[in-house]
Amino acid sequence: MLHAQFDPTARQTLATTAVEAKLRKDLSWQQIADAAGLSVAFVTAAVLGQHALPEQSAKAVAELLGLDDDAALLLQTIPTRGSIDGGIPTDPTIYRFYEMLQVYGTTLKALVHEEFGDGIISAINFKLDVKKVADPEGGERAVITLDGKYLPTKPF
């Protein structure tokens, strides 16, 4: 049976415990995702408390991290989503995403609505990919792909 949480505290505590285990075992997010059999973005979000894992994936992640059966069960619960408290983010990496949306948010909205019409891009039926690529001018670039299903507004 699926269970949903109404208080994010338990998942936040588990996320802290899981990240500590990841560090102690010197594991990468990709290694954890490989054990779960799912994408690295989805599994990372799940371990950080933003998604529920399927039973087999939750058990595999818990085993890899040395977590108990209660943790495996908790990884399967539907979380209360949202990992950033209100206000302007202070972490530099998260702030840069905030900045990108401040600068390009209205542009993205205008282009999406011109292309698709009135509606939203789902963050539930969604895929995320992060890649490091060489910059032709030197250094490296981050290529982030956000791939969400478009859901049109339906008049009622």
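## A walk from the loop to the hairpin

Let us begin at a small landmark: Asp26 sits in the loop that links helix 1 to helix 2. The model you are looking at is predicted, and in it this residue has a phi near 55°, a positive value in a residue other than glycine. Asp26 is also exposed, with a relative accessible area of 68%. The cut-off for that label is over 50%, so Asp26, at 68%, falls under it.

With that starting point fixed, step back to take in the whole chain. The protein has 6 helices and 2 strands, and along the sequence they come in the order α-α-α-α-α-α-β-β. Taken along the principal axes, the C-alpha atoms fill a box of roughly 55 × 50 × 30 Å. Of the 156 residues, 24% are buried. The accessible surface comes to about 11,300 Å², and carbon and sulfur atoms account for 58% of that area. If you like to think in contact maps, take the contacts between residues at least 6 apart in sequence: 53% of them join residues at least 24 apart.

Now for the interior. In soluble globular proteins, nonpolar side chains tend to be buried together. Here the largest nonpolar core has 19 residues, and those touching the most other members are Ile32, Val43, Leu53, Val61, Leu65 and Leu67. Which helices each supply at least two residues of this core? They are helix 1 (9–24), helix 2 (29–36), helix 3 (40–47), helix 4 (55–65) and helix 5 (69–74). Helix 4 gives the largest share, with 4 residues.

Leu53 is a good residue to select in your viewer if you want to explore this core. Setting aside neighbours within four places in sequence, its contacts are Leu38, Phe42, Val43, Ala46, Ala58, Val61, Leu75 and Gln76. Two of the partners on that list, Val43 and Val61, are also among the core residues that touch the most other members.

Further along the chain, the picture turns to the outside. A nonpolar surface patch of about 1,000 Å² is formed by Phe97, Met100, Leu101, Val103, Tyr104, Leu108, Phe126, Leu128, Val130, Ile144 and Leu146. Helix 6 (92–116), strand 1 (119–134) and strand 2 (140–152) each give two or more residues to this patch. Which element gives the largest share of the patch? Helix 6 does, with 6 residues. Tyr104, one of the patch members, has its place in helix 6.

The two strands deserve a visit of their own. Strand 1 and strand 2 pair in the antiparallel sense, over 12 bridges. Together they form a hairpin with 5 residues between them, and in the turn Gly138 has a positive phi of about 105°. You can follow the register with two pairs of residues. Ile121 stands opposite Tyr150 in strand 2, and Leu128 stands opposite Leu146 in strand 2. Both Leu128 and Leu146 belong to the nonpolar surface patch, so highlighting this pair will take you back to the patch just described.

Finally, turn to the charged side chains. The count of salt bridges comes to 5, and three of them are worth following here. In one, the side chains of Asp129 and Lys131 meet at 3.5 Å, N to O. Asp129 is partly exposed at 31% relative accessible area, and Lys131 is likewise partly exposed, at 47%.

Another salt bridge joins Glu140 to Lys132, with the closest N and O atoms 3.9 Å apart. Since a salt bridge here requires the nitrogen to lie within 4 Å of the oxygen, the pair at 3.9 Å meets the rule. Both Glu140 and Lys132 are exposed.

The last of the three links Arg141 with Asp135, where the closest N and O atoms are 3.3 Å apart. Is Asp135 buried or exposed? Asp135 is buried, because its relative accessible area is 15% and the limit for that label is under 20%. Its partner Arg141, by contrast, is partly exposed, with a relative accessible area of 48%.

Definitions and conventions
Residues are numbered from 1 along each chain as its sequence is written. This is a predicted model: local features need pLDDT of at least 70, side-chain atom pairs count only at pLDDT 80 or more; totals for chains, interfaces and linings use all residues. Side-chain values use heavy atoms; hydrogens and water are left out. A nonpolar core is a set of buried Ala, Val, Leu, Ile, Met, Phe, Trp, Tyr and Cys residues joined through side-chain atoms within 4.5 Å. Buried means under 20% relative accessible area, exposed over 50%, partly exposed in between (1.4 Å probe, protein chains only). Contact means heavy atoms within 4.5 Å. Patches are made of residues with over 30% relative accessible area and no salt bridge: like charges are joined within 9 Å, nonpolar side chains (Val, Leu, Ile, Met, Phe, Trp, Tyr) within 5 Å. Accessible areas come from the Shrake-Rupley method with a 1.4 Å probe; for residues, only the protein chains shown count as cover. Two strands pair if DSSP finds at least two bridges between them.
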